Every structure is written in structure tokens, then in C-alpha cells.
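Dear colleague,

I am passing the structure below on to you, together with some notes on what came out of going through it. Please read the notes with the coordinates open beside them.

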Amino acid sequence: MCDETHGKCPSRNGLFPLTLCCCGILSSEYLLYASGKIFLAPRFRAKIFINGQTLVRCNTSDTLQISNGKPVIVDTSRKKKRSLIGVIQLSTCLLISLLVIALGSLWLHERIKHSQLHVEEICESYLSSSKESIKQDVDNIGIFIEYSRDELEKRVKANLRQRTEEAYQIAQYIYEQNREVLNLREIGTLVHDALYAASWNDGRGYYFAEDMAGVEQINRNNPELEGQSIINIQDSNGKYIVKEILAVARSEKQEGFCSYYWNRPEYPKKIPKISYVKYFPPLDWVIGNGVYLQDEEDKIKQEIIKRIENTTLPNGRYMFVGTWEGNILTGPGKGKNMWDVSDTNGLKIVQELIGKAKSGGGFVSYVMPRLEGQRSDSKISYSAPVPEWNWYIGTGMYVDFIEDDIARQQESFSKATRKFTIQALLVIAMFLFVSYFLVWLFSRKIKKNFDLFMDFFKKSASEQLAIEHEKVSFHEFESLALLANHMVEDRQNAEEKKETSEERFRRILENITDVYFESELDGSITYCSPSCLELSGYSPKDLINKNINILCNNPKDLDLLLTPIKNEGKVHSLELIFENKNGDLYEVSINAELTFDKHGNHAKIKGTLRDVTATNMAKEQLHRSKKMEAIGLMAGGVAHDLNNTLSGIIGYPELLLQTLPKDSELRKPLEAILESGQRAATVVADLLTVARGAASIREHHNLNNLIQGHIGSLECEHVRDSYPDVSYQCNFNALQPTISCSPVHVKKCLINLVINGAESMVSSGTVTVSTYNKFVDKAMALTLKIKVGEYIILSVRDTGTGISDTDLKHIFEPFYTKKTMGKSGTGLGLAVVWNTMEDHKGKVLVESSEEGTCFHLYFPVSKDRKTTEEKPHKPIVSSSNAEHILVVDDEPQLRDIASQALSSFGYHVDSVDSGESAIEFVKKEPVDLLLMDMLMEPGINGCETYKEILKLYPEQKAIVVSGFSESDDVKTTLRLGAGGFIKKPYSIDQLGRMVKEVLNS
């Protein structure tokens, strides 16, 4: 130890506070420890060892401890944590103190505020009462003015009416006294002189009169107008005054009031005037008198001003009246213009009073002395408008007496508040002392419980210990102790479950078909489940640390995945095109979300991939089926109406051609009409095939023979002529070619496909028609959605330009065509093919590329090897028995065509327009054959009609006619015994053969 120490140094392995040394140690020194003693060493820049002696650099504030014979610096730089119990004690005391002070202050504040509000309420009450008083005074004057103005009008009108009545009586008296001795002209002069001389109101009141022609007869105010026509005189508003007066005279009462603007001698402009006129029949005059309203209003104004000046108000108040220009009519400043008068604060008093009056009335506060030379005091005035006269009226009062009363109450309250504050502080101090003592007692108990928990947590990290919960003092701590004991048990169970859960999660990831993946924010894959191998051909090792872009068919698709995840935090059911390791494309649905680390920062992307290729294909096929079904229903409705129309277009030309000579000029146009109708009927038949499927009548045919027979038909010859550069080949390889089919529709499918193939050639090429057998197994049947079994396949292949992928999805939709509609196609050809194959329980497949297109039609092979041979048509022989046929159809034209055609064959024909009529007809007269339309409106249809007739005649023969292919009702009618079905539009030849066949059956 250094020789210059004050006091004895501690023993070996003890603590050596360096602050005890006074040997020149400043901010830091090096101490040398040897042989159990500490020596001051020279300054060094690093820790060194000299001859086994340890040199340690220390600060004066550090504490040195000897451990295992070596000096060690004890780290005392960490800030000592505060005690929870101390914090609870201090916080509780502060909280109680703050709460008590806050509540006391709040209570004191509320008391002061309540007192202030009480004072303010008194002040407000005084002011409100005073305001109401001065407002009432002003309102009373306003009411009086309104009443005076109302009475003015009544009084003026009464006086006018009375004076006109007096003038009328004067004129009547003169007329009665002189009508026997004087003529009307002389009597009129007497009336003029009598009324002209009369005047009143200082000469401003006088009589006037004019005849019914508008000629002035009496006018004291303007005598120069007498004898002149004034009928067109107008007032300043454009009113024809005399015309209005004459109109009143001509009214039912022949008297009444008139208002207008008229000249006044002493005024340069016309002013309002009101007159009362009355018709005097003997002279054909209108007599009246008038008054200027301004004269009467001036009188009222003077009366009101005198009344206001004589009005006495309490508390020295007075009324004042002024004009909107600032002229004072009564009150202080009477006769002066006070527009620019201001109070001590610069407020323009009169201007404010006028402004309040113009806005409907209001109060104005200002400061002014009571008398000249006195101090200024606050004053409140109320002003109200008299808008008809451009006046304002008002009164006011000084409010200084209110302020004096309030000052006295405030002084009294201040004394009471000081006394109460002292008492409240004493109560608060006592309450705080008691509270602090209770907190101290409570804290001691809490500390004991905390000590128990601290001892538990020190040992529980390495030992499975439990807290002795019986020793805790509070229920809450006992609950914590029990929870802590459970925690120790649960921790051990959780570790065991964690191992089990991790194993289960691993097995799930290894067996799910969806691919689970994790990636960085840039798309770099950090993990993927083993199922990625089956989905993409890549193993997890192949994909780890690779970017997701390796799977995308389009590199830009990566942005479609990452952008919404970064912006919205997730992506749901995002569908992208991926490419597997072999280069095949497939569709995937992606669900992914952005995860966060413990600091809340974006960490990585987690999600799943699912192969939805098959699902999307199924959805697309379902959508296509529904779309074609909807279009088909529409086409069916149109086709039915067209068939009825086309029956007339085909039937009538046929009837006419039977009767026309061969050299007739009409044959050519009729044949053109017939041909057009037949072509239209072909289009309608295609529509019906799309709408209702192919005809349900099935026959067993050799497909090879059908094709071979059709190749030599006129239709095929027409195709060859239209496309001379196209060659045609046939390969019949089918060994079992028998199918159950509608030969018409099979041939139609063949010719449509051949025409399409020929049209696809740019210049020259080849269309190949071939047949072969193929067995469809279970897997293929599920794919094609057909039954397992043997099929014969009709293939039509061309070497054209092929069909684009876009068009390939729509080629079987009705009316979808790349041809010119109505010129080279109707858009129904492939739709007919598709519907025909669906109706024959088969399937049509398409293969297309730049080298050409091939259509494969799958027909189920028939087990019945016996085929139906097409019979040659025999000429129709006219009937010699004149069988009776009843035609039943709701269309008049079709009844007429059928009736004429059958009559030409020698049959006796009748017709009715409904099923009900047919039933009534056969009740009276049986027939040999019924030719019935299936759909008839209104009423029952053909099937119901036939059922009712069979009840009468069980052996009744019938033929069903319909614009549709065979419906359920048609099939039912055929099962009931109908001998045949013929579809509209039919030819006369078809009708004759069918009738002959059914009658002979």
C-alpha cells in the first residue's frame, strides 16, 4: 500500500474504494497489486504484467475487488433500479395528494365559478328586464303607429265615399228639380257650377267628373282639361286612370275606389292618390273626389311626434325618433342631423341605431355622459323601424346602477371565500397525513409478498420449485402464485408438445397437395413444401434461394404478385400462368400475405399455391354450355315463328306451279320464290337444331355408306364447283360403322365441315374425310364426358391456315363466324355440328395448328347391325277413295295450303282452327285422318286434342305437324297412335307421301 494514505486500508480480497487514496490520483491512474498490497504505479496507456505483478487502470470513482488473488474492477456504472415498493409509496402519496388538491381546487373553483355565475345571472337578469322594458316601450309606439296608419286608410276611404255620395245627391237634386224645364246640357252646366265651386282641406279637396266617353266635365285642379278627352292619360306606373274609373262605373255596383299616381300643383312629380267614383246615369257621368295619401300621412306623423314628445318614461328615460338619413325628429338633437355623432369609444351611435332598425330592430350599447360636463356611463338603447316612413324609433337607459350592485356582492363573496379556503387547507392536510400512514402500512405487506416472488424467480430458472402460496397476504398474489406454479408445470408440458407439434407440422407440409412457400420481399424463395415437385417438376432444393420468377411463364407476372402484397399486405386467389420444368404451362391460384418481425418491420412473404388448371377448364366448359343453351332458346323461338311464315312462302308457289303451264312466264319467279323459301327453311332447320337438338327419329345406318352416298350428291358437287383448287379424299377405315342417327343431320354435319375446310384454304389444298373405330376407356370417358364403349370417329381434316386460340374457344357458339354474315355463312354451321353430336350422345373435338385443322366426331357404335336402307321416292298417286281428312291448325294460311294440296290429291278435306273445334267436328262427323298442328293458341294443343278424340274413336289415325323437331308432346302423340310426324315447312310432295303412308298403314 502506498505510504501516503489516510486511515487503514482494507484487508486482502476486500473492496478498495480508490477515493481513500490521496497519492496524486486524478481522473485515472494505474494501481499495482503485489503481495496483497496495492501500490500507485506510473501512468500507462495499456494494461501490462511485470514480473507477475498485475497492473490495473482505474478511475477515482471505481471500486476495486480482489478475486482469486487478483484485483478486479467492480462495475458500478449501471444505474441502480428504483424500488417498486418505493415507487408505489411515492406514486400513491403523490396521487392522493394530487387527487385531494385537484378535488379541493375543483370544488373551490366551482364555488367561485358558481358565485360568479350568480353575479352574472343577476346582471343578466337586470339587463334582460331592462331591455325588455325599453323594448316594450318602443314596441308600444310601433303598435300605435301601425294602428294609426290602419285607421288612416279606413278614415280616408270613409271620407272619400261620403263626399262622393254628397256630390251625387247634389247632382240628383239639380236633375230632379230641372228635368222638366231644362235639357240635359243645361242641367249638366248647373251640376258643373255647383260641384266646381265646392272645395275643402285648404282647397286641396275638390270634385271631378267625366262622361263615359272619357271627356273631362269637371276638374277644379286642371280646368284646362274640361271638354277634352283624357281617356288615354296614364299615371307614372303606366296605368290608364280614366279607363279604370270608367271600368268601375260600368261594374255591377257602378261605384268604387281607384288608386293611382296624379299630379299635385305644388309637386313636380306625380304622387299616390286614392279616389272614390260613382256613376250618375242621367248625365252619363262619373262623379268622384280624391285625396293625396301623403297629406293624410303627414298629419299622422305630426300627431305621433307630439304624442312621443309628451310621453313620460321612468328613470329619466325618453323616446327619440329619427329618419334613416340621420335627421332627429324628436329627442336630444331635435332638428339636427346626428349621422356622424360618436360616443367616447368612437362608435357611430345614430348609424348603429339605424342599422339595427333596418335589420328589424335591436339593441345598441354605447358610452355617453348623462349631461354635458358629467362623466360618461354605459347605456343601452333599443331601436325599431317604421319602414313605410323611413323612420327609426327608440329609447334607452343607463346601466351603471347594475354594476354598483354587482361590485358589492363580489366584495362579500371574496371575504367568504378566503375564510373557507383556510378551513379547506386544514382538512386536506389532515387527510393527507392519514392517507400517507395507511400507504406505508400497505406497502410493507406488499414488500413481503414481492420478496417471496423474487426468491421463487431466482431459483425457478434452474430448479422445478413452487411458491408457498399459503404465505402470501393478498388474494391477488395468491392467484399469481398458483399461476406461477402452473406456469412451471405448463412449461415442461409445452416443451414436450412443441416437439410433437413440429413433427405434425412437418408431416402436413410433406403430404399436402398445395404448395406452401416462404420468400423474401424481392421474391427469393427461402422455403417450399415437398409438394412443389409434383406441381412444377422442381424439388425444394432446386427452388431454395431461387426467385419465384423461375416459375412464371411471363417474367412480368412477378410484379402482379409482389406489388399488391407490398401495398395491401396480402393477395387472395391471384391466378397466374406458371411453366413447369418440362416447359408445360399450368394455372395456379396464389394466396399470400406479408408477415412482420418482432420489431414490426416487414419480414417475409408466406403463402400457398394451388393448381387450378382443371378447375378453370371445367368452369369454362360450363359457361360455354350455359351460353349456348341461352342462345339456343332464343333461336328456337325465332325458328318457330319463321317456320309458320315459310310454310306459306313454300306452299303457295308449289300449288301455283302445279297448275301453271310449263311455258308460263310466271314459273321462273315462282320457282325462285320456292327456292328462296327452301334455303330459308334450311337456315331455320339449323336454328331448330341449335335450339332443340337434332330430330329424335333415329335410324340405323352405315356411316361409311352415308358419307359415300353424300359425296355424290348435288350439294357436294356444288362445293367442288365453288372451290375448284381444293382436292377431296376419303379413307373408310371403320370396321364397325353402324350408328343410330338422324341421317339428315349427320349429312349436314359433314357438308358444314367440308365447306369450312375448303374455305380455310388460301389457294389450293386438300380436305380429307375418314372414319375409324376407337374404344373409349374410363379415363378418356371422364375427360370427354361421354360413356365408356366403342365409338366410330368421323374425321374431317384440311390443310388450311388453322384456327387461332382466341377463335377456337368460340367456334361452336351460334352466330360466331369470321365469314360475312348472310353472304358466305350464317354462323350456325359448327353450332349445328356441336348440337347434333350432343343429341347423338357423342362428342366433337378440334385440333388446329398452322398446318391445318381436324374435327373428330365421336358416334357411339350401334349394337344393332341391321341398317335402314333409303327407299326411292315413288310418284304420288291421287286417291280414288276420297278419304275424309280434317286439317287442324291455328294459322289460316297453313290450313288453306294443306286443304288445297290434299284436295289436289283427291281427298275430301275440312279444316278447323283449334283443338276444341276439332273435337266438336268429329263428334258430328267422323274422319279418316287428322292432320294436327302441335302448338295452337289459344286453347289445347295437338296432343291434348288427340287424347280427347281417341276417347271417341280409339283407332283414329293422325299425323302430327310442328315447327319444332320432335318435342315431348310430339313423342307422346306418336306413342298414343299417331302414324307420322312432319315438320314445318313441308313440301306438297312430303305431305302427300306422309298422308298416303299413314292411310295405308
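The largest cavity is lined by Tyr206, Phe208, Glu210, Glu216, Asn219, Ile230, Ile241, Val242, Ile245, Tyr260, Trp262 and Lys273, and I should say at once that all of this refers to a predicted model. The space in this largest cavity comes to about 130 Å³, and the structure holds five cavities of 30 Å³ or more. If you look at where the lining comes from, strand S9 (205-211), strand S10 (216-219), helix H3 (241-250) and strand S11 (255-264) each contribute at least two residues to it. Sorted by class, the lining of the largest cavity consists of eight nonpolar, one polar and three charged residues.

The second largest cavity encloses about 100 Å³ of space. It has 13 lining residues, of which Val515, Phe517, Ile525, Leu551 and Leu609 are the closest to its centre. At least two lining residues each come from strand S19 (515-519), strand S20 (525-528) and helix H8 (532-536), and it is H8 that gives the largest share, with three residues. In terms of class, the lining of the second largest cavity is made up of twelve nonpolar residues and one polar residue, with no charged residue.

The next topic is the aromatic rings. How many aromatic pairs does the count come to? The count comes to ten aromatic pairs, and one of them is formed by Tyr175 and Phe280, in an edge-to-face arrangement with 6.4 Å from centre to centre and 90 degrees between the planes. Because Tyr175 belongs to helix H1 (residues 84-178) and Phe280 to strand S12 (residues 267-280), this pair ties together parts that are 105 residues apart in sequence. Tyr175 is buried, since its relative accessible area of 17% is under the 20% limit for that class, and Phe280, at 0% relative accessibility, is buried as well.

A further edge-to-face pair is the one between Trp200 and Tyr207, with 5.1 Å from centre to centre and 65 degrees between the planes. Here Trp200 counts as buried at 16% relative accessibility, and Tyr207 counts as buried at 4%.

Returning to Tyr175 and Phe280, you will find that ring pairs link these two residues and Tyr168 into a cluster. Tyr168 also has a charged neighbour, in that Lys278 lies over the face of the Tyr168 ring, at 4.2 Å from the ring centre. A charge over a ring is found for Phe144 too, where the charged end of Arg307 sits 4.0 Å from the centre of the ring.

Finally, a word on the cysteines. How many disulfides does the count come to? The count comes to zero disulfides, a disulfide being a covalent bond between the sulfur atoms of two cysteines. As for the surroundings of individual cysteines, Cys741 is buried, with a relative accessible area of 0%, and Cys854 counts as buried at 1% relative accessibility.

With best regards

Key
Residues numbered from 1 in each chain as written. Predicted model: local features only at pLDDT ≥ 70, side-chain atom pairs only at ≥ 80, totals over all residues. Heavy atoms only, no water. 1 Å grid on protein atoms, 1.4 Å probe; cavity = no way out; pocket = protein on both sides within 12 Å on 5 of 7 lines; lining within 4 Å. Points joined across faces, edges and corners; volume = space filled by probe spheres on them. Helix = DSSP H or I, 4+ residues; strand = E, 2+ residues; numbered from the N terminus. Nonpolar A, V, L, I, M, F, W, Y, C, P; charged D, E, K, R; others polar. Disulfide = S-S within 2.5 Å. Buried < 20%, exposed > 50% of the residue type's maximum accessible area, 1.4 Å probe, protein only. Phe/Tyr/Trp six-rings, centres within 6.5 Å; stacked < 30°, edge-to-face > 60°. Lys NZ or Arg CZ within 6 Å of the ring centre and 35° of its normal.
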